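Reader: I would like a close look at a single part of this model, namely the cavity and whatever surrounds it. Please take me through the lining and then through the neighbouring elements with some care.

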Amino acid sequence: MLAFDIGGSHLKAAIVDRAGKLLSARQRIPTPPNCTPTKLLHGMQALTGQLGPYDKIAIAFPGYVRDGVVRTAPNLGTKSWAKYPLASAVEKLFGKPTRLLNDADVQGLAVITGRGLELVCTLGTGFGTAWFRDGELMPHMEFAHIMLHGHKDIDAFIGDKVRRKIGNKKWNKRIQKIIANLEMVMNYDHLYLGGGNAERVTFALPDNVSVVANEAGLEGGAFVWFPRKPK
């Protein structure tokens with residue numbers, strides 16, 4: 001199966017098996033600036049040139065999606081994504097059945113245990129979240145755009161742009177605040193931190209918080225098509 005992980009900074013792809021194991025080297029290119037649907041499709045084509053055969057496609061996308069259609073893509077720099085049928089466009093381009101989910105949802109499918117309330121947060125260009133109850137993916141909510149004091153949303157408070165501006169030390173303090181708020185509001189059993197900036201977290205995490213590998217954004221593509229059996 002071909003898995004795509006679409007990010008605000010990079011596009012990634014790999015062939016994975018039904019268990020989420022990577023069967024190819026991960027391919028990675030920069031995300032085009034002001035990435036329109038046409039630019040993204042060209043980039044996805046470029047990624048697959050070095051990859052082997054596949055029969056299905058899974059896409060992890062950085063925005064709100066429903067029924068194969070993109071509703072929002074705030075970190076791709078263009079409004080042309082509103083109501084864009086990405087799943088059907090990719091299916092037509094590659095000639096393979098395609099499924100589309102939010103990127104945090106896909107990463108979560110790769111790392112959760114399937115027990116209790118599990119929250120997955122991605123720290124990348126922006127902030128993504130996925131919510132699971134006993135392994136079941138709950139309806140997606142864009143926590144990143146909840147407004148904070150000072151008329152900033154969470155994306156603007158801890159996204160990569162502000163991290164580069166304020167430095168990692170201050171950024172880590174902000175991540176601590178967000179974790180404390182999420183625990184109070186969500187009462188999760190476990191929180192997983194993923195995405196490219198998760199490795200920049202330097203403070204000691206609570207026992208019920210852990211950092212997961214960025215490759216989970218590709219590995220989870222397997223479980224978009226082949227859900228794990230409850231444990």
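Author: What follows starts from the cavity and moves outward to the sheet and the helix beside it, before turning to another group of strands.

The model is a predicted one, and a search of the whole structure finds one cavity of 30 Å³ or more. The volume of this largest cavity is about 40 Å³. Its lining is made up of Cys 121, Leu 123, Phe 127, Ile 175, Ile 178, Ile 179, Leu 182, Leu 191 and Leu 193. Three elements give two or more residues each to that lining, namely strand S8 (117-123), helix H6 and strand S13 (190-194). Of the contributors, H6 gives the most, with four residues.

The two strands named here, S8 and S13, pair with one another in the parallel sense over five bridges, and within this pairing Leu 119 of S8 stands opposite Leu 191 in S13. Leu 191 is also one of the residues that line the cavity. Both strands belong to an open sheet of five strands with mixed pairing, in which the order is S10-S9-S8-S13-S14. Strand S10 (136-137) and strand S14 (209-211) stand at the edges of this sheet, and because each has a single partner strand, one side of each is left without a neighbour in the sheet.

Helix H6, which spans residues 168-186, also holds Arg 174. The charge setting of this residue deserves a careful reading: Arg 174 is buried yet has no salt bridge, and the nearest side chain of opposite charge, that of Asp 153, is 9.8 Å away, whereas a salt bridge would call for a side-chain nitrogen within 4 Å of a carboxyl oxygen. Leaving aside residues up to four places away in sequence, Arg 174 touches Phe 157, Ile 158, Val 162 and Ile 166.

A further group of strands can be described from strand S2 (residues 10-15), which is mostly covered, with five of its six residues buried. On one hand, S2 pairs with strand S1 (residues 2-6) in the antiparallel sense over five bridges, and a hairpin joins S1 to S2 through three residues; in this pairing, Ala 3 stands opposite Ala 14 in S2. On the other hand, four bridges join S2 to strand S3 (residues 27-30), again in an antiparallel run, and here Leu 11 stands opposite Ile 29 in S3.

Conventions. Residues numbered from 1 in each chain as written. Predicted model: local features only at pLDDT ≥ 70, side-chain atom pairs only at ≥ 80, totals over all residues. Heavy atoms only, no water. Buried < 20%, exposed > 50% of the residue type's maximum accessible area, 1.4 Å probe, protein only. Lys, Arg positive; Asp, Glu negative; His and termini not counted. Contact = heavy atoms within 4.5 Å. Pairing = 2+ DSSP bridges. 1 Å grid on protein atoms, 1.4 Å probe; cavity = no way out; pocket = protein on both sides within 12 Å on 5 of 7 lines; lining within 4 Å. Points joined across faces, edges and corners; volume = space filled by probe spheres on them.
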